[in-house]
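Subject: Structure handover

Hello,

Please find the structure below, with the sequence beside it. Have a look through it before reading the notes.

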Amino acid sequence: MLQNKRIILQEYSNDLIARLKDLHINFDKYKFYPRDERFNSAIYDSDKNLIFSTLASAKVKLDEITYTTNNYIHYIKEPESYYLGAKYVLLEVPEDNVWVNAVINNVFIFLICGFSFMFICGYFLLKLFLKPMRDSLHLLDRFIKDTTHELNTPISAIITNIEMIDISRLEDAKLQKKLKRIDTGAKTVSNIYQDLTYLTLKNKIISKNEDLNLSKIVLNRIDYFKTLADVKKISFIKNINSGVRIFCDEKKIGKVIDNLLSNAIKYNKISGTIEVILENNKLIIKDSGKGIPKDKIPSMFERYARFDKNVGGFGIGLNIVYMITKEYNININIKSELEIGTQLELTW
């Protein structure tokens, strides 16, 4: 450290001044400047004129006590008497930078220790503060999983039993209407239930990819949603080629079709139409609904994104569509015009 160097230089200066004093007293006897291999030195008179010097540095600062240059440390001391006419004694030793390196190392160690201490404290404080939120999220997640599990049996029972009834043969028109309402409500809840199940269990679902008859699947899903479409008097226009096939997981491609048809119904107008076109490697679902603003189209696949809060749903259906189509490299092209409708085209 520089402080340690200063103590050493004080000792050197005392030694030099003692030898100057001896030379001053016995000048006739010695007449040799007291050199020392441990340091360079110089003496200056009261007007700061150089009397004698062994310094390596050409410029000195006699107004300071200690200063450093690039390669040397300098120390100035004024003797109690002007030995050999010297008011200032200047010592010079090489700067080895040991103390600088020591300071840098100490600063680095303190920074590491301080950062480690703050990191450990921050980690435990953050863990402590986030515990209530983590517990709440855990409870919410458990509630959703338990709820979706408990909903499975009653929803399946309602839908299965209604499907066993041939509503068209019932003579009581009011009963027909009531059963259609129950069927519509049950299928709506079932669709939401399946979306929630997919989101909560998606990491645990193992895809069972196989060669599927997509034509049959699309017709089946249109028939499934016919009851919901009838509520808004929406009619389907089907241009479906037979024998179109796709290599995919049946449940996942079913979720894609269900969500696209469900949205086409939800965002459609009363007495509107839904055109479904299926060709080789292409599926188009076109509705006659409200349409989507152009600036909203890029974010329509984000989770919880909803463009009409008057329509039910949580905004998770299209996010599921995006995840599944991404998994199977299915491209989605969207065309939408306000008050005309929206067309989604899937190609693979």
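The notes below go through what was found, one region at a time. Please keep in mind that this is a predicted model.

**Strands**

Start with strand β1, which covers residues 40-44. Four of its five residues are buried, and the strand is mostly covered. Strand β1 has a partner in strand β5, residues 88-94. The two run antiparallel and are joined by five bridges. To find the pairing on screen, look for Ala42, which stands opposite Leu90 in β5.

Strand β1 also pairs with strand β2, residues 50-53. This pairing is antiparallel too, with three bridges. Here the residue to look for is Ile43, which stands opposite Phe52 in β2.

**Two loop residues with a positive phi**

The hairpin of β1 and β2 has five residues between the strands. Lys48 lies in that loop. Its phi is positive, about 65 degrees, although Lys48 is not a glycine. Why is that worth a note? Because most residues other than glycine have a negative phi. Lys48 counts as partly exposed because its relative accessibility is 36%.

Leu84 is another case: it is not a glycine, and its phi is positive at about 55 degrees. Leu84 sits in the loop between β4 (72-77) and β5. With 24% relative accessibility, Leu84 counts as partly exposed.

**Helix α2**

Helix α2 runs over residues 98-163. Several of the residues noted here belong to this helix, including Phe115 and Phe119, Phe117 and Phe143.

Phe143 has a relative accessibility of 54%, so it counts as exposed. Phe143 helps to make a nonpolar surface patch of about 620 Å². The other members of the patch are Leu126, Leu130, Met133, Leu137 and Leu140.

Phe117 is exposed as well, because its relative accessible area is 58%. How far apart are Phe117 and Glu92 in sequence and in space? They are separated by 25 residues in sequence and by 42 Å in space, taken from C-alpha to C-alpha.

**Aromatic pairs**

How many aromatic pairs does a search of the whole structure find? It finds six. A pair of aromatic rings is described by the distance of the centres and the angle of the planes. Two of the pairs are described here.

One is Phe115 with Phe119: the ring centres are 6.5 Å apart and the planes are at 25 degrees, so this pair is stacked. Both residues lie in helix α2, four residues apart, which is about one turn of the helix. Both are exposed.

The next pair is Tyr224 with Phe225, with ring centres 5.2 Å apart and planes at 80 degrees, so this pair is edge-to-face. Are these two residues buried or exposed? Tyr224 counts as buried because its relative accessibility is 12%, and Phe225 is buried with a relative accessible area of 0%.

**Helices α4 and α5**

Tyr224 is also one of the buried residues of helix α4, residues 214-224. The others are Leu214, Ser215, Ile217, Val218, Arg221 and Ile222. The N-terminal end of α4 is capped by Asn213. What makes the cap is a side-chain oxygen of Asn213, which lies 3.2 Å from the backbone nitrogen of Ser215.

Helix α5 covers residues 226-231 and contains Thr227. Thr227 counts as buried because its relative accessibility is 15%, and the cut-off for buried is under 20%. The side chain of Thr227 makes a polar contact of 2.9 Å with the side chain of Asp183.

**Helix α7**

Is helix α7, residues 317-327, largely enclosed or largely open? Eight of its eleven residues are buried, so α7 is largely enclosed by the rest of the structure. The buried residues are Gly317, Leu318, Asn319, Ile320, Val321, Met323, Ile324 and Thr325. After α7 comes Asn329, whose phi is positive, near 55 degrees.

Regards

Terms used:
Residues are numbered from 1 along each chain as its sequence is written. This is a predicted model: local features need pLDDT of at least 70, side-chain atom pairs count only at pLDDT 80 or more; totals for chains, interfaces and linings use all residues. Side-chain values use heavy atoms; hydrogens and water are left out. Buried means under 20% relative accessible area, exposed over 50%, partly exposed in between (1.4 Å probe, protein chains only). Two strands pair if DSSP finds at least two bridges between them. Patches are made of residues with over 30% relative accessible area and no salt bridge: like charges are joined within 9 Å, nonpolar side chains (Val, Leu, Ile, Met, Phe, Trp, Tyr) within 5 Å. Accessible areas come from the Shrake-Rupley method with a 1.4 Å probe; for residues, only the protein chains shown count as cover. A salt bridge is a side-chain nitrogen of Lys or Arg within 4 Å of a carboxyl oxygen of Asp or Glu. A polar contact is a pair of N or O atoms within 3.5 Å; within protein, one must be able to donate a hydrogen and the other to accept it, and residues adjacent in sequence count only if both atoms are side-chain atoms. Rings of Phe, Tyr and Trp (its six-membered ring) pair if their centres lie within 6.5 Å; planes under 30 degrees apart count as stacked, over 60 as edge-to-face and the rest as tilted.
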